[in-house]
Amino acid sequence: MTTPVYQNFINGHFLKNQSGETFAVKNPATDEVIYHVEVADAFVQNAAIESAKQGFAMWSAMTPIERSRILLKAVELLRARNDELAKIEVLDTGKPWQEAECVDVQTGADVIEYFAGLAPAQVGQQQMVGEDFYYTRKEPLGICAGIGAWNYPLQIACWKSGPALAAGNALIFKPSEETPLGAIKLAEIFTEAGVPAGVFNVVQGAAEVGQWLTQSDDIEKVSFTGEVGTGKKVVASAAGSLKDVTMELGGKSPLLVFDDADISQAVSAAMLGNFYTQGEICTNCTRIYVHKNVYQQFIDELKTRTEQNIIAGDPMNPEVNLGALISKNHHDLVMGYIDKGISEGATLLTGGKALKPDSAPNGYFVAPTVFTDCTDDMTIVKEEIFGPVMSVLVFDDEDDAIRRANDTHLGLAAGVFTKDIKRAHRVIHQLQAGICWINSYGNSPAEMPVGGYKQSGIGRENGIETLDHYTQTKSIYVGMTDIESPF
Ligand code: NAD
């Protein structure tokens, strides 16, 4: 059977490359190639820039309310095609249908809707300076680039294009080479909704195409989602043309469970924050610090629920709640971390093995894994694994738990479970992380800014402030009096 070949989406339509180079995309749950994609060669790259220039000229000249109306049309189309788009995400990522069906498309659409609503509300300032005055305009940056990770491909494309386009920019988006189809579908939807050609281009490929975007003198900003190591390369490369950067990077986030917490709720949070999307979520609470008084109760319930409630298998089956990891390579990497956890002396509470479900025997599945008796210096406690692997640690002193939670170069997210309202806020204020939850974990509504402290990121996505990251302020001084000149 021949598989489809997708071209780059440039200037409102598909554009064939000249090199003929393509790459294959596999379904992680079956290990089968499902389609091929053309790499954005120099010809495509050039066309992407030229059309983005034209698209930007047209789009930025529209009023914010005109742009808003078009973006809201795209939101309507996204929601109407939820199931078709969710299925693409399942086949590309290996995540369960039961998640994609209600999260991926909807949370992407929410963010475009949110920024479409905000766009006309963005205002400048004016202030009198004696009889003269100045005013400011919020102007778009120009052509921006977005580079995405593979865990939430369509959502990431929406989270970057929503604010970028609402503010009047053009965006050239490069999805991960593991999951390239969702962004193409988004481009088709934007075009159908009336976004002018060239305003949202999709270029395909791996690191080299990403590097081209970060180096291009025609691009004003790059918004990147991916690993810390890649993020450092992107910032270094973007420095060559002094691009603005937004970096959404990895984490090794702590969840502190105090002895007055609702333990079942804390277990729910820990499971969601480690096993949802088979553990491939940047904000996951992979270090769970549990107060010694409730430690046994916590791990007993965690073990029971993990062993009884997880269903791995064909991700399209709506019963399945644990999908396949993104690739064989990543699967082996995660298994390598599990081996390391065992060899460094952690106790395997449950899991620790690859899975071969009957309905998806060739998929890259890893059993939900919990390590106890962990210590802060273990590799599994220090490094981001990006799979369903949880480390549980014990504490008995609040200050010490905070110190240990902060003892990392990462700072993406953090959580606290306690019924003591003062302690909840006191502790969360001391945790060095950009995205925090109290008696909750993982929710990320469009209204709430998200981003990392320390090496987990630069800048924010979502929330009002993100529009500022896609605009620049022009100050205009207006002279109402004669110029006093010594010349
Ligand atoms: P990755 O860093 O390997 O790749 C991310 C993207 O960068 C891909 O599109 C890739 O092709 C591109 N790329 C690779 N090398 C590049 C280079 N030198 N220059 C420019 N682009 C380059 O990350 P991944 O494996 O796709 O995603 C997993 C990582 O993403 C995890 O670390 C996870 O924590 C992080 N992540 C963070 C967030 C967040 O919002 N903070 C969200 C999702 C994922």
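Reader: In which sense do β6 and β7 pair, and what makes two strands count as a pair?

Author: Two strands pair if DSSP finds at least two bridges between them. β6 and β7 are joined by four bridges in the antiparallel sense, and therefore they satisfy the criterion. V129 stands opposite D132 in β7. The model is predicted: local features need pLDDT of at least 70, side-chain atom pairs count only at pLDDT 80 or more, and totals for chains, interfaces and linings use all residues. Residues are numbered from 1 along each chain as its sequence is written, and side-chain values use heavy atoms, with hydrogens and water left out.

Reader: What do β6 and β7 form, and which residue in the turn has a positive phi?

Author: The two strands form a hairpin with two residues between them, and G130 in the turn has a positive phi of about 65°. The strands themselves are DSSP runs of E with at least two residues, whereas helices are runs of H or I with at least four; both are numbered from the N terminus.

Reader: Which strands are the edge strands of the sheet that contains this hairpin?

Author: The open sheet has three strands in the order β6-β7-β25, with antiparallel pairing. Its edge strands are β6 (126-129) and β25 (471-478), each of which pairs on one side only. On average, neighbouring strands are turned by 25° against each other, direction ignored. Such angles refer to lines fitted to C-alpha atoms, for helices over the stretch in contact, and run from 0 to 180 degrees between N-to-C directions. Strand β7 (residues 132-140) is joined to β25 by eight antiparallel bridges, and P140 has T471 of β25 opposite.

Reader: What is the strand order of the sheet of seven strands, and which kind of pairing does it have?

Author: This open sheet runs β15-β18-β19-β14-β13-β21-β22 and has mixed pairing. Its edges are β15 (347-350) and β22, which each pair on one side only. The twist averages 20° from one strand to the next. Within the sheet, β14 (residues 287-291) and β19 (residues 389-395) share five parallel bridges, with R287 opposite S391 in β19. Helix α12 (residues 328-343) packs on the sheet and touches β15, β18 (369-372) and β19, its direction making about 25° with that of β18. Contact here means heavy atoms within 4.5 Å.

Reader: What handedness does the β-α-β unit of β21, α15 and β22 have, and how is handedness assigned?

Author: With the strands pointing away from the viewer, a crossover is right-handed if the path from the first strand over the helix to the second runs clockwise. The unit of β21, helix α15 (residues 421-430) and β22 is right-handed. Strand β21 (residues 413-417) pairs with β22 in the parallel sense over four bridges, and A413 has I435 as its bridge partner. On β22 (residues 435-438), I435 and W437 make up the covered face, C436 and I438 the uncovered one.

Reader: Why is V450 called buried?

Author: Buried means under 20% relative accessible area, exposed over 50%, and partly exposed in between (1.4 Å probe, protein chains only). V450 has a value of 4%, so it is classed as buried. V450 lies in the loop between β22 and β23 (453-454). Beyond neighbours within four places in sequence, its contacts include W159, E248 and I435.

Reader: How do you know whether G205 is buried or exposed?

Author: At 1% relative accessible area, G205 falls under the cut-off and is therefore buried. G205 sits in the loop between β10 (200-202) and α8 (207-215). Apart from residues up to four places away in sequence, G205 touches F23, K174, P175 and E177.

Reader: What makes the protein chain count as compact?

Author: The chain has 16 helices and 25 strands. Its radius of gyration is 24 Å, close to the 23 Å of the globule rule for 487 residues, so the chain is as compact as a globular protein of that length. The radius is taken over C-alpha atoms, and the rule is 2.2 Å times the number of residues to the power 0.38. Buried residues amount to 56% of the 487. Of the contacts with a separation of 6 or more, 73% join residues 24 or more positions apart.
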